[in-house]
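Q: Got a minute to go through this one with me? I'd like to start with how the chains meet.

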Amino acid sequence: MERNVSMTDDGAGRRVALAQIAPALGDVPRNLALHLEQIEAARRQHADLIVFPELSLTGYFVRDMVPDLALSPDGPEVRQLIDAAGPMAIVVGLIEESPRHRFYNVALWAEGGRVVHVHRKVYLPTYGLFDEQRYFAAGERFVAFETARFGRVGILLCEDFWHLSAAAVMQAEEIDLLICPSDSPVRGVEGPNVRISETYEQLSKAFSQLLGATVIVVNRVGFEDGLCFWGGSIAVGPDGRTIAQAPMLDPSLTLAAFDSLELRRQRLITPLGRDERLLVTIEEFNRIRRKRYE
Amino acid sequence: MFRNPNMNTAALADQYLKINPELVTEILSRFIQAEIRRAKFERAVVGLSGGLDSSVVTFLCARALGPENVLAVTLPYKTSSESTRRDSQAVVECSGVRTIDLPITDQVDAYFARAGEASQLRLANKCARERMTVLYDQSAAFGALVVGTSNKSELLLGYGTQYGDMASAINPIGDLYKTQLRPLAQHLGVPATILAKQPTGDLWVGQTDEGELGFSYADADRLMVLLVDRRWRRAELVKAGFAPELIDRIATLIRRNHYKRRMPVIAKLSLRTMDRDFRYARDWGT
């Protein structure tokens with residue numbers, strides 16, 4: 001499939017605003033106001049894209065509030081954000097209620113006055129402190145989409161990012177930019193940084209190099225029921241180098257400026273995507289499927 | 001009394017128990033700020049005994065909210081030792097918090113004069129609950145929330161009084177084992193005399209937690225971090241050199257005292273019952 005515009009061919013820089021906010025639990029109007037503030041600030045700084053964390057319009061521990069907080073991607077709240085963003089693209093997290101009354105944890109990409117893609121979180125963590133499968137239906141697709149100024153983009157929501165298979169699908173989708181909105185709480189405080197933050201950084205650096213793509217993780221901050229969301233949002237270039245990192249623990253709007261030509265250079269240096277053997281992968285997965293399920 | 005685990009296991013457990021006091025302080029200060037402010041308060045009340053736990057919490061609150069927004073309440077009973085008073089005083093001076101001394105002897109003694117003589121355990125529980133009612137009243141007077149001082153070791157072992165010292169609105173140190181509080185206290189500038197002293201409920205002369213429990217916090221914390229946090233099985237702990245009696249003793253304490261860590265059991269009759277299928281975050285609506 002040929003693209004009209006891609007990060008790889010126009011040579012211009014790209015500015016991404018990492019909106020590391022502390023959403024209010026269960027208060028959509030308050031969070032909407034917070035989003036509008038951040039969008040305004042990002043526009044003043046000439047951002048091309050603003051990325052909010054997971055469930056940025058609702059907060060994380062929504063539990064039995066889920067049906068009360070659900071929105072439609074075509075509803076007035078998202079519309080208000082799209083209008084405020086103007087020419088800037090946005091990634092926002094919310095609860096989607098489907099026409100069949102299933103509730104999904106989603107992140108959507110909107111630009112040019114419309115919603116371009118809605119990603120429903122596939123991997124809903126239900127272990128340890130997490131209980132998402134109790135409240136949410138699981139998404140069933142990892143699909144990339146074309147954008148006006150960022151080439152081909154994929155979204156993985158928080159736990160999705162921990163599944164190698166999801167990243168492998170994104171590689172097969174030949175994405176240029178991988179976005180991971182996240183609500184990750186603190187676990188492990190023995191080192192210089194929160195232990196879990198180091199894993200996110202490692203995954204970001206590994207995936208950026210393996211996929212030859214830019215990776216942006218935006219993690220929220222603030223507290224819910226004693227859980228501390230650690231922030232530390234990060235933007236990593238396709239060469240695995242950190243372009244920008246937001247502070248730990250505190251809210252911030254961090255600008256990451258990309259050299260869009262770096263994608264091309266990196267793919268010349270290490271053409272992993274070119275060398276991928278999709279049919280080999282599919283065959284091997286089919287062999288395993290036959291063995292396991294037939 | 002008990003055999004220690006082998007050196008490798010002890011070192012591993014100590015690794016799991018290691019904290020970065022600076023990072024923990026940053027997180028806990030923000031926790032206190034966030035949880036108090038979301039309830040529309042700016043201030044904290046702490047029951048200060050001059051021990052390690054309440055001293056750490058007092059310092060953390062002072063740091064998070066400003067010392068002028070923290071009220072340390074000392075609540076001595078007639079048998080409380082002089083060192084308790086001295087150490088509490090030192091914490092107040094070093095941290096700069098406000099303080100008030102409200103002895104509980106009169107009301108506790110008045111009660112037992114009427115109710116009849118009681119065991120040491122009943123007296124200890126009565127004192128703890130008396131202190132709780134005073135703290136909650138002082139929190140109303142001061143326009144503050146009561147900040148708890150139970151650590152993870154005590155909460156797991158059930159070494160505390162339900163609705164007494166275990167009662168609070170928020171607890172910044174409830175996920176830190178006793179041995180993890182020492183480096184944190186050091187970092188916060190808790191006076192050295194407090195760091196050096198034996199943990200005690202200060203109920204009678206020479207009482208210590210470890211004397212009463214029959215094992216040291218150092219041993220118990222190593223065992224619990226493996227058993228509780230790292231999910232080691234009994235056989236694995238025995239193989240690593242922990243005494244079976246210690247494992248069983250601690251596992252039993254944890255299990256038997258679980259009720260103290262939960263709300264009262266509600267008889268379910270309807271479709272949605274509090275804390276079973278009426279599930280909201282505690283921070284719901286704040």
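**The interface and beyond**

A: Sure. In this predicted model, 23 residues of chain B are in contact with 23 residues of chain A.

Q: How much area do chain B and chain A bury between them?
A: About 1900 Å². Carbon and sulfur atoms account for 55% of that.

Q: Which three residues supply the most on the chain B side?
A: B:Ile27, B:Arg30 and B:Arg279. Together they give 31% of the area that chain B buries against chain A, more than any other three residues.

Q: How many salt bridges are there between chain B and chain A?
A: The count is 3. One of the salt bridges in the model joins A:Asp250 to B:Arg30, with the closest N and O atoms 2.8 Å apart.

Q: And how many residue pairs are in polar contact across the interface?
A: There are 10 such pairs between chain B and chain A, with both residues at pLDDT 80 or more.

Q: What classes of residue sit on the side of chain B that touches chain A?
A: That side has 10 nonpolar, 2 polar and 11 charged residues.

Q: OK, switching to salt bridges overall. How many over all chains?
A: The structure holds 37. Among them is A:Glu173 with A:Arg152, at 2.5 Å from N to O.

Q: Where do A:Glu173 and A:Arg152 lie?
A: A:Glu173 is in the loop between α6 (164–172) and β8 (177–182) of chain A. A:Arg152 is in strand β7 (residues 152–155) of chain A. So the pair ties together parts that are 21 residues apart in sequence.

Q: Now helix packing in chain B. At what angle do α1 and α11 pack?
A: Helix α1 (residues 7–17) and helix α11 (residues 217–229) of chain B pack at about 75°, and their axes are 9 Å apart. That makes α1(B) roughly perpendicular to α11(B).

Q: Which residues meet there?
A: From α1(B), B:Thr9, B:Ala10, B:Ala13, B:Asp14, B:Tyr16 and B:Leu17. From α11(B), B:Asp221, B:Arg222, B:Val225 and B:Leu226. By class, this contact has 6 nonpolar, 1 polar and 3 charged residues.

Q: What about α2 and α8 of chain B, how do they cross?
A: The axes of α2 (residues 21–38) and α8 (residues 178–188) of chain B cross at roughly 80° and come within 9 Å. That makes α2(B) roughly perpendicular to α8(B).

Q: Which residues make the contact?
A: α2(B) brings B:Pro21, B:Glu22, B:Val24, B:Thr25 and B:Leu28. α8(B) brings B:Pro183, B:Leu184, B:His187 and B:Leu188. The contact of α2(B) with α8(B) divides into 6 nonpolar, 2 polar and 1 charged.

How values were computed: Residues are numbered from 1 along each chain as its sequence is written. Chains are lettered from A and ligands numbered from 1 in the order in which they are written. This is a predicted model: local features need pLDDT of at least 70, side-chain atom pairs count only at pLDDT 80 or more; totals for chains, interfaces and linings use all residues. Side-chain values use heavy atoms; hydrogens and water are left out. Contact means heavy atoms within 4.5 Å. Buried area is the accessible area (1.4 Å probe) that two parts lose on being put together, summed over both. A salt bridge is a side-chain nitrogen of Lys or Arg within 4 Å of a carboxyl oxygen of Asp or Glu. A polar contact is a pair of N or O atoms within 3.5 Å; within protein, one must be able to donate a hydrogen and the other to accept it, and residues adjacent in sequence count only if both atoms are side-chain atoms. Ala, Val, Leu, Ile, Met, Phe, Trp, Tyr, Cys and Pro count as nonpolar, Asp, Glu, Lys and Arg as charged, and the others, Gly among them, as polar. Axes are lines fitted to C-alpha atoms, for helices over the stretch in contact, and angles run from 0 to 180 degrees between N-to-C directions. Helices (H or I, at least four residues) and strands (E, at least two) are DSSP runs, numbered from the N terminus. Angles under 35 degrees count as roughly parallel, over 145 as roughly antiparallel, 65 to 115 as roughly perpendicular and the rest as oblique.
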